[in-house]
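Student: I have a model open and want to learn how to read its empty spaces. Can you take me through it?
Tutor: Yes, let us look at it together.

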Amino acid sequence: MSAATKPVIGVIGAGTMGRGIAQVFVQAGHRVLFHDASTPALEAACTFIGDMLTRAVAKDRMTQAEAGAAIARLEPVDSLDSFAPCDVVIEAIVEALEPKQALFTKLADILRNDAILATNTSSLAVTRIAAPVPGPERVVGLHFFNPVPLMKLVEVIPGLRTRPDLVAEMTTLIDGIGHTPVTATDSPGFLVNHAGRGLYTEGLRLLQEGVATPHQIDDVMREAAGFRMGPFELLDLTGLDVSFPVMQSIYEQFWQEPRFRPSPMPPLRVAAGLLGRKTGEGFYRYDAGKIIRPAPVEAPDIDLPPVYVTPGDGAAELTQTLLDAGVTLCNSPSPEALLLISPLGRDATSTALDLDLDPTRTVAVDPLFGLAGRRTVMTTPVTRPEMREAAFAALARGGKGVTVIHDSPGFVAQRMVATITNIACEIAQARIATPEDIDRATMLGLGYRIGPMVLGDRLGPARIMTILTALQEATGDPRYRPSLWLKRRAALGVSLLTPEG
Ligand SMILES: NC(=O)c1ccc[n+]([C@@H]2O[C@H](COP(=O)([O-])OP(=O)(O)OC[C@H]3O[C@@H](n4cnc5c(N)ncnc54)[C@H](O)[C@@H]3O)[C@@H](O)[C@H]2O)c1
């Protein structure tokens, strides 16, 4: 590659992804040769890119002259032979192994020996695509996200035989177009699709256990845990027909790793056409594309019994919150009192029994994210309805949102966040990516406000360990076994970002 001029880029496949990739490279000053097996598809893509640039001018994001120069750098070509001058060719054709292998094998004959073949595959192994290609060391994964101009993340994925220096070269190339490169090893789901498992699998698990409804789980994830979207809003947005095959494929590719075990619900929902926004109904209903949320349940307006707060994680904040709300507290679990507990990783039933509290008067309040946002309260199977309503009313004072759920070891937010952090730690442990890249990629690729490593640090690795260990003990399910990365850093009292020495 010449240092003086920008590398000449080839883009093959002019569908959803190819057109976005071609656009960002011409905008960044690269000459782009552009091809599709279908001439109408290629023409439509060139028109689309022209329209995008015109829109950017209208929005004052670029000048007319810049848009004109960018479009002049886009060269639609009708044969692969025209790619001879390219330094890097990025394929975004159909997601199937043989066509990608055949395309790269043909290009290997046409391009210079030092030209790079990059694949935008989202689910195939880069190593497999490269295997039959003459010069597999020049094949690399460049995984863009949809829509390419807006999603600023690109995963750089070296195959097992990729030339080591290609990673640095591709990192520079991606930096140069204003996107953020992260490096991931050639492994199922690469980085983002792997790290994204936690939110979906645990959300579906909570639903399957009857702990809460989809909208309750989403409310807690947004308004207590601070996520932009809950798992069911995201599944509806992506479409279950797209998400479910990814769940299945990652589970199978990791040889049925229990952490990724999909729920039995999605295939039935796909069969029923409950795909999400695109079919007007998924976990939510949609009216002209607008989500219809169930009406919030009003807090009951009732006289409150005295409340006893059990000492433990979060008890001080809970006590102060109740005092501020004018609730009468008592110093012992007197016979008429509502008994509040705040367990980590435990359910209300086992905690009440361990503490020798009357389970018919016990209600649990989730302490993990504090009480500033939405509050989650959870009953035992025998909690009396008036005690549940009293807890709801007491916690709702001051206009706070309250979600009342059924018994669950780790409520909703604890389970979701511990699972997400645990999977991120396992990605770091397996050296698939660095902890910093895991956080960067989940923020840019999944829209997380905070990456799972920093979030785990803020909540405390030891608390995440407590939640997972208790969950594993309560359920007997190995999906909750803590990653060694987490276990060691929690034991040492150091940050989850701490690399291996
Ligand atoms: N759509 C996404 O959100 C997304 C995200 C990341 C990666 N990807 C990956 O990007 C690739 C393309 O996906 P897409 O959504 O843009 O697909 P698409 O169906 O929108 O476009 C594919 C294009 O490739 C063309 N094509 C197919 N075979 C060809 C061949 N042999 N030679 C030349 N052109 C050929 C088709 O005519 C079509 O225009 C896939 O590997 C996919 O997994 C997709």
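Student: Which domains give residues to the lining of the largest pocket?
Tutor: Remember that this is a predicted model. Domain 1 (9-186) and domain 2 (193-292) both contribute to the lining, so the largest pocket lies between them. The centres of domain 1 and domain 2, taken over C-alpha atoms, are 31 Å apart. The domain assignment also gives domain 3 (307-400).

Student: How is empty space found, and how much of it lies in the largest pocket?
Tutor: The general idea first. Rolling a probe the size of a water molecule over the atoms shows where empty space is left. Here, the largest pocket holds about 1,300 Å³ of space. Its lining counts 42 residues, and the closest to the pocket centre are Phe145, Asn146, Asn193, Thr238 and Val242.

Student: Which element supplies the largest share of the lining of the largest pocket?
Tutor: That is α11, with seven residues. Several elements each supply at least two residues, among them α1 (16-27), β6 (139-144), α8 (197-208) and α17 (435-446). The short list also includes α7 (192-195), α10 (231-238) and α11 (240-253).

Student: How does the lining of the largest pocket divide by class?
Tutor: Into 21 nonpolar, 17 polar and four charged residues.

Student: Now the enclosed spaces. How many cavities of 30 Å³ or more does the structure hold?
Tutor: Two. The largest cavity has a volume of about 50 Å³. The second largest cavity has about 40 Å³.

Student: Which residues line the largest cavity?
Tutor: Ala224, Asp366, Leu368, Phe369, Gly370, Arg374, Arg375, Thr376 and Ala413. By class, that lining has four nonpolar, two polar and three charged residues.

Student: And which residues line the second largest cavity?
Tutor: Gly314, Glu317, Leu318, Ser342, Val365, Asp366, Pro367, Gly370 and Leu371. Asp366 and Gly370 appear in the lining of the largest cavity and in that of the second largest cavity. The classes in the second lining are four nonpolar, three polar and two charged.

Student: Let us turn to the ligand. How many residues surround the ligand, and which are the closest?
Tutor: 19 residues surround the ligand. Met17, Asp36, Glu95, Lys100 and Ser122 are the closest.

Student: Which protein atoms lie at polar-contact distance from oxygen atoms of the ligand?
Tutor: Take the side chains to begin with. An N or O atom in the side chain of Lys100 is 2.7 Å from a ligand oxygen. For the side chain of Asn120, the distance from an N or O atom to a ligand oxygen is 3.0 Å. The backbone takes part too: a polar backbone atom of Ile93 is 3.4 Å from an oxygen atom of the ligand.

Student: How much of the accessible area of the ligand does the protein cover?
Tutor: Again, the general idea first. The size of an interface is often given as the accessible area lost when the parts come together. On its own, the ligand has 830 Å² of accessible area, and the protein covers 70% of it.

Student: Last topic, the backbone. What should I look for?
Tutor: Look for exceptions. Most residues other than glycine have a negative phi, and most peptide bonds are trans.

Student: Which residues does a cis peptide bond join?
Tutor: Asn146 and Pro147, with omega at about -5 degrees. Pro147 sits in the loop between β6 and β7 (153-158). Asn146 also counts among the residues closest to the centre of the largest pocket.

Student: Where does Asp356 lie, and what is its phi?
Tutor: Asp356 is in the loop between α14 (348-354) and β13 (362-365). Its phi is positive, about 60 degrees, although Asp356 is not a glycine.

Definitions and conventions:
Residues are numbered from 1 along each chain as its sequence is written. This is a predicted model: local features need pLDDT of at least 70, side-chain atom pairs count only at pLDDT 80 or more; totals for chains, interfaces and linings use all residues. Side-chain values use heavy atoms; hydrogens and water are left out. On a 1 Å grid over the protein atoms alone, a cavity is a set of points where a 1.4 Å probe fits but cannot get out, and a pocket is an open set with protein on both sides within 12 Å along at least five of seven lines; lining residues have an atom within 4 Å of a point. Grid points are joined across faces, edges and corners, and a volume is the space filled by probe spheres set on the points. Helices (H or I, at least four residues) and strands (E, at least two) are DSSP runs, numbered from the N terminus. Ala, Val, Leu, Ile, Met, Phe, Trp, Tyr, Cys and Pro count as nonpolar, Asp, Glu, Lys and Arg as charged, and the others, Gly among them, as polar. Domain bounds come from an automatic or database domain assignment. A residue is near a molecule or strand if one of its heavy atoms lies within 4 Å of it. A polar contact is a pair of N or O atoms within 3.5 Å; within protein, one must be able to donate a hydrogen and the other to accept it, and residues adjacent in sequence count only if both atoms are side-chain atoms. Accessible areas come from the Shrake-Rupley method with a 1.4 Å probe; for residues, only the protein chains shown count as cover.
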